[in-house]
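Here's a quick briefing to read with the model open beside you. Grab a coffee and click along as you go.

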Amino acid sequence: MFLPSYALAFFCLPCATLLSAIIVRSMVRLAILDHPGHRSAHTRPTPKGGGIGVMTAFGLFYPVLQAATGQMVLSFPFLMAACALVLLCSVSWLDDLYQWPPAIKLAAQVIAACLIVGGGIRLTWPTPLAGAAISILWLVFITNAVNFMDGLNGLITGCLTCAAFVLALVAPFFGVPELFWPALLLAGCLLGFLPFNFPHARIFLGDVGSQGCGLLAGAAVLYGASHTTQPSGWLLGPALLFPLIYDVLFTLVRRWSAGQSLVTAHRGHLYQVLHRSSLPVTTISILEWGLTLWGGAIACLVAPKPHVWGSISGITLLILPQLVWTAWSVLRAHQGTIGKW
């Protein structure tokens with residue numbers, strides 16, 4: 001049964017990509033529009049909700065993959081994570097339609113994070129209780145980080161696709177082979193969406209896609225960090241998401257130091273500054289993809305090293321290109337006329 005089962009699993013991947021693309025195309029025709037605002041990169045109304053295709057395809061094919069590869073389909077962590085994803089995607093889609101207050105979205109994110117952590121996907125360091133609290137904060141943060149960075153054609157979709165492919169490739173080396181199939185499946189579902197969004201956007205992910213993918217990415221990082229067999233293996237997930245993490249943290253610190261609101265919509269992310277300085281969207285997105293791949297390479301390089309030195313050297317190597325990215329953004333901002341950050 002081994003070969004037929006795994007043949008079925010591999011057959012599911014292109015099917016998931018195709019289903020994602022079909023649903024995305026249907027959402028383009030449905031034309032629930034995202035009208036441009038003061039912080040938008042697009043200039044004409046564009047359909048949103050492409051994330052429904054990504055999340056639907058992932059949700060339908062993941063149990064099939066679990067069954068085909070001998071995993072427990074009805075395990076408690078799986079059921080809790082499924083409930084969390086359905087809850088968050090439902091609230092996010094309704095928010096795409098009705099523009100609910102931020103407090104409702106935050107409440108849904110916290111509940112979804114609690115469900116995942118309650119299901120057993122969490123850190124246990126430094127204590128079980130503290131690890132659970134850190135895990136909830138991490139899930140809420142990365143869900144919002146992915147949402148915040150979904151502002152240019154192909155940027156977040158490409159970064160997450162690269163991250164998922166790298167995770168699938170190196171998961172056995174890091175001692176978490178069980179992440180191979182879900183990572184590969186998510187990459188396939190995102191590839192079904194990407195041609196509709198890059199280089200020209202016929203549709204956007206919307207909150208349903210960005211927040212759903214953010215929750216999945218955050219959960220994968222927690223699982224990898226708590227189950228890796230490599231001394232510095234915990235760095236893999238954060239390294240793959242580091243371009244997103246750095247941009248969001250840098251922007252929050254910069255706005256806080258300037259006395260600006262941290263919750264008001266703005267155009268101050270580094271990728272937005274580069275775009276406003278007339279750098280092409282395709283260039284920015286592809287460079288961000290490259291930084292994601294750089295993070296994966298660094299994580300693999302330092303993973304076998306002792307925990308402290310591996311972590312220090314890895315974080316240093318991750319920060320260096322981001323400092324160059326920041327300096328380039330500041331230089332272009334000062335050379336051009338982009339207005340207030």
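**Quick tour of the model**

Pro-36 comes out as partly exposed, because its relative accessible area is 33%, and that sits between the 20% and 50% cut-offs. Keep in mind that this is a predicted model. Below are the spots to click on, including two salt bridges, a pocket of about 1,200 Å³ and a cis peptide bond between Trp-125 and Pro-126.

**Pro-36 and its surroundings**

- You'll find Pro-36 in the loop between strand 1 (33-34) and strand 2 (46-47).
- Pro-36 and Ala-16 are 20 residues apart in sequence, and their C-alpha atoms are 31 Å apart in space.

**The salt bridges**

- How many salt bridges does the structure hold? The count is two.
- One of them pairs the side chains of Asp-95 and Lys-105, at 3.6 Å from N to O.
- Asp-95 belongs to helix 3 and Lys-105 to helix 4 (residues 102-118), so this pair ties together parts that are 10 residues apart in sequence.
- Asp-207 also forms a salt bridge with Lys-105, and here the closest N and O atoms are 3.9 Å apart.
- That pair links distant parts of the chain, with Asp-207 in helix 8 and Lys-105 in helix 4, 102 residues apart.
- Put together, Asp-95, Lys-105 and Asp-207 are linked in a network of salt bridges.
- Are the two acidic partners buried or exposed? Asp-95 counts as buried because its relative accessibility is 3%, and Asp-207 counts as buried because its value is 13%.

**The second largest pocket**

- The second largest pocket has a volume of about 1,200 Å³.
- Its lining is made up of 50 residues, and those nearest the centre of the pocket are Phe-58, Tyr-62, Pro-182, Leu-216 and Ala-219.
- The elements giving two or more residues to this lining are helix 2 (51-68), helix 3 (76-98), helix 6 (155-170), helix 7 (180-193), helix 8 (206-227) and helix 9 (236-240).
- Which helix gives the most to the lining? Helix 8 does, with 11 residues.
- By residue type, the lining of the second largest pocket splits into 39 nonpolar, 10 polar and one charged.
- Helix 8 is worth a second look, as it gives the most residues to this lining and also holds Asp-207 of the salt-bridge network.

**A nonpolar patch on the surface**

- Leu-8, Phe-11 and Val-64 form a nonpolar patch on the surface, and together they have about 270 Å² of accessible area.
- Phe-11 sits in helix 1 (residues 2-30).
- With a relative accessible area of 53%, Phe-11 is exposed.

**Backbone details to check**

- A cis peptide bond joins Trp-125 and Pro-126, with omega at about 0°. Pro-126 is in the loop between helix 4 and helix 5 (128-148).
- Phe-198 and Pro-199 are also joined by a cis peptide bond, with omega at about 5°. Look for Pro-199 in the loop between helix 7 and helix 8.
- Gln-99 isn't a glycine, yet its phi is positive, near 55°. Gln-99 sits in the loop between helix 3 and helix 4, and it counts as exposed because its relative accessibility is 54%.
- Ser-278 also has a positive phi in a residue other than glycine, near 80°. Its place is the loop between helix 11 (270-276) and helix 12 (281-302), and with a relative accessible area of 63% it is exposed.

**Helix 13**

- Gln-335 is in helix 13 (residues 307-335), and it counts as exposed because its relative accessibility is 61%.
- Gln-335 and Ser-277 are 58 residues apart in sequence, with 8.3 Å between their C-alpha atoms.
- Ser-311 lies in helix 13 too. Is Ser-311 buried or exposed? Ser-311 counts as buried, because its relative accessibility is 8%, under the 20% cut-off.
- Ser-311 and Ala-67 are 244 residues apart in sequence and 36 Å apart in space, going from C-alpha to C-alpha.

Methods:
Residues numbered from 1 in each chain as written. Predicted model: local features only at pLDDT ≥ 70, side-chain atom pairs only at ≥ 80, totals over all residues. Heavy atoms only, no water. Helix = DSSP H or I, 4+ residues; strand = E, 2+ residues; numbered from the N terminus. Buried < 20%, exposed > 50% of the residue type's maximum accessible area, 1.4 Å probe, protein only. Patch = residues over 30% accessible without salt bridge, like charges linked within 9 Å, V, L, I, M, F, W, Y side chains within 5 Å. Areas by Shrake-Rupley, 256 points an atom, 1.4 Å probe, with all protein chains shown as cover. Salt bridge = Lys/Arg side-chain N within 4 Å of Asp/Glu carboxyl O. 1 Å grid on protein atoms, 1.4 Å probe; cavity = no way out; pocket = protein on both sides within 12 Å on 5 of 7 lines; lining within 4 Å. Points joined across faces, edges and corners; volume = space filled by probe spheres on them. Nonpolar A, V, L, I, M, F, W, Y, C, P; charged D, E, K, R; others polar.
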